[in-house]
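Student: Could you take me through how a metal site and an enclosed space are read from a set of coordinates?

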Amino acid sequence: MNCQKFLRILDERVNGEAPPQGWADHGATCPNCALALRLERTLRAAPSWAERPRMSSAARAAVLKRIQSAGLFWPRVVAMAEESAVRALVAAAVVFLSFAVLPRLWYTTVPEGFKKALSSYAGPLLEGFRGTLVQFQPLLHQNWGLLLLGVTLFMVIFAASLSTRVLRPGRT
Amino acid sequence: MEALAGEGEWVRKFQSGDAAAFGVIMNHYEPYILSLLTRLAGDRTRAEDLCQETFIKALKGLTSFRSDSSLKTWLFRIAHNTFTDHLRAEGPGTESLEARAEAGIQSAETAKDPQARMEESQVREAVETAMQILPQQQREVMHLFYWGELSVGEIAQAMRLPEGTVKTLLFRGRQALRGHVTGLLSEVTP
Ligand SMILES: [Zn+2]
């Protein structure tokens with residue numbers, strides 16, 4: 001073991017891995033490496049011996065005073081709205097895409113036997129659902145109808161998400 | 001460095017309007033942030049101003065804080081940016097390396113008691129002095145690693161550097177510190 005190798009192992013040694021044989025012996029006999037080892041130990045222990053400075057009470061008070069005067073209301077509202085908007089956008093896109101894609105998949109890829117088996121269970125549910133959807137159908141034939149539907153979907157989810165966020169702030 | 005217990009809960013409390021929660025967060029992290037800024041600024045008064053600025057920025061940013069990174073890393077990043085902005089605003093050449101080196105030598109001069117030379121306090125003093133002689137980035141990385149107990153990955157996040165660069169800075173910082181400390185302590189060898 002030479003000094004170079006000793007120091008390389010000292011530098012690379014992380015998470016308390018066991019050093020190779022002869023390493024500790026060298027550290028005990030070579031004054032330079034002993035100092036390096038001691039220095040590393042001192043550094044590792046720094047959190048326990050280092051000074052923990054504090055700001056002056058005036059500086060702390062100045063920061064805390066900002067909480068009252070900084071007008072944190074709007075940034076907080078903006079942050080909440082932003083978060084809810086992103087969620088609503090994703091949710092609206094998912095809902096929209098599933099309505100655009102799922103019926104097509106249903107007709108093209110699902111085997112007839114499976115459809116029959118499923119419709120005996122889910123039939124009544126789907127019928128009810130279709131009843132609601134049919135009401136939106138005329139809208140789709142209007143100019144901007146699709147966009148209006150998308151925006152409505154977004155607004156509904158956005159409002160729901162924002163309300164939840166405001167009423168139950170603990171949840172993120 | 002210990003993370004603040006129930007950190008996420010304090011953040012959420014603050015975000016939902018509990019102003020006192022920020023006091024708890026600041027109370028916990030203030031010594032670590034001030035310690036880093038003192039190390040970087042080399043001047044306690046300036047460090048306190050920067051620390052105050054850091055927490056005011058944190059106060060604003062915390063409203064939209066999401067726990068992508070830990071609060072500790074996030075705060076160190078704000079402190080780092082605050083110091084960097086400050087340095088940029090002051091212009092080049094404000095950091096007097098010569099003054100630091102001089103202070104280091106003086107400190108070694110006063111440490112010429114052979115009996116005490118290998119006492120732990122002596123080593124610590126030499127470490128503190130040597131740290132001030134290191135170039136800024138090395139000093140910051142070394143401080144965050146040993147004093148702040150941040151991992152290489154966390155340091156990379158806080159300083160916005162690639163992990164490889166952090167490792168290199170850490171390696172060089174350690175080597176330089178070793179050299180400086182050996183120099184400082186060997187001056188007291190009989
Ligand atoms: Zn050696």
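Tutor: We take the metal site and then the cavities. This is a predicted model, in which local features need pLDDT of at least 70 and side-chain atom pairs count only at pLDDT 80 or more, while totals for chains, interfaces and linings use all residues. Residues are numbered from 1 along each chain as written, chains are lettered from A and ligands numbered from 1 in written order, and side-chain values use heavy atoms, without hydrogens and water.

Student: Which protein donors does the zinc ion have?

Tutor: Donors are N, O and S atoms within 2.8 Å of the metal (3.2 Å for Na, K and Ca), and because water is not among the atoms, sites may look incomplete. Here C3(A) (SG), H26(A) (NE2), C30(A) (SG) and C33(A) (SG) lie 2.1 to 2.3 Å from the zinc ion, with the sequence spacing C-x22-H-x3-C-x2-C.

Student: Are C3(A) and C33(A) buried or exposed?

Tutor: Buried means under 20% relative accessible area, exposed over 50%, and partly exposed in between (1.4 Å probe, protein chains only). C3(A) is partly exposed at 32%, whereas C33(A) is buried at 1%.

Student: How many cavities of 30 Å³ or more are there?

Tutor: A cavity is a set of points, on a 1 Å grid over the protein atoms alone, where a 1.4 Å probe fits but cannot get out; lining residues have an atom within 4 Å of a point. The structure holds two cavities of 30 Å³ or more, and the largest cavity has about 100 Å³ of space. Of its 14 lining residues, the closest to the centre are A50(A), E51(A), Y32(B), S35(B) and W147(B).

Methods
1 Å grid on protein atoms, 1.4 Å probe; cavity = no way out; pocket = protein on both sides within 12 Å on 5 of 7 lines; lining within 4 Å. Points joined across faces, edges and corners; volume = space filled by probe spheres on them.
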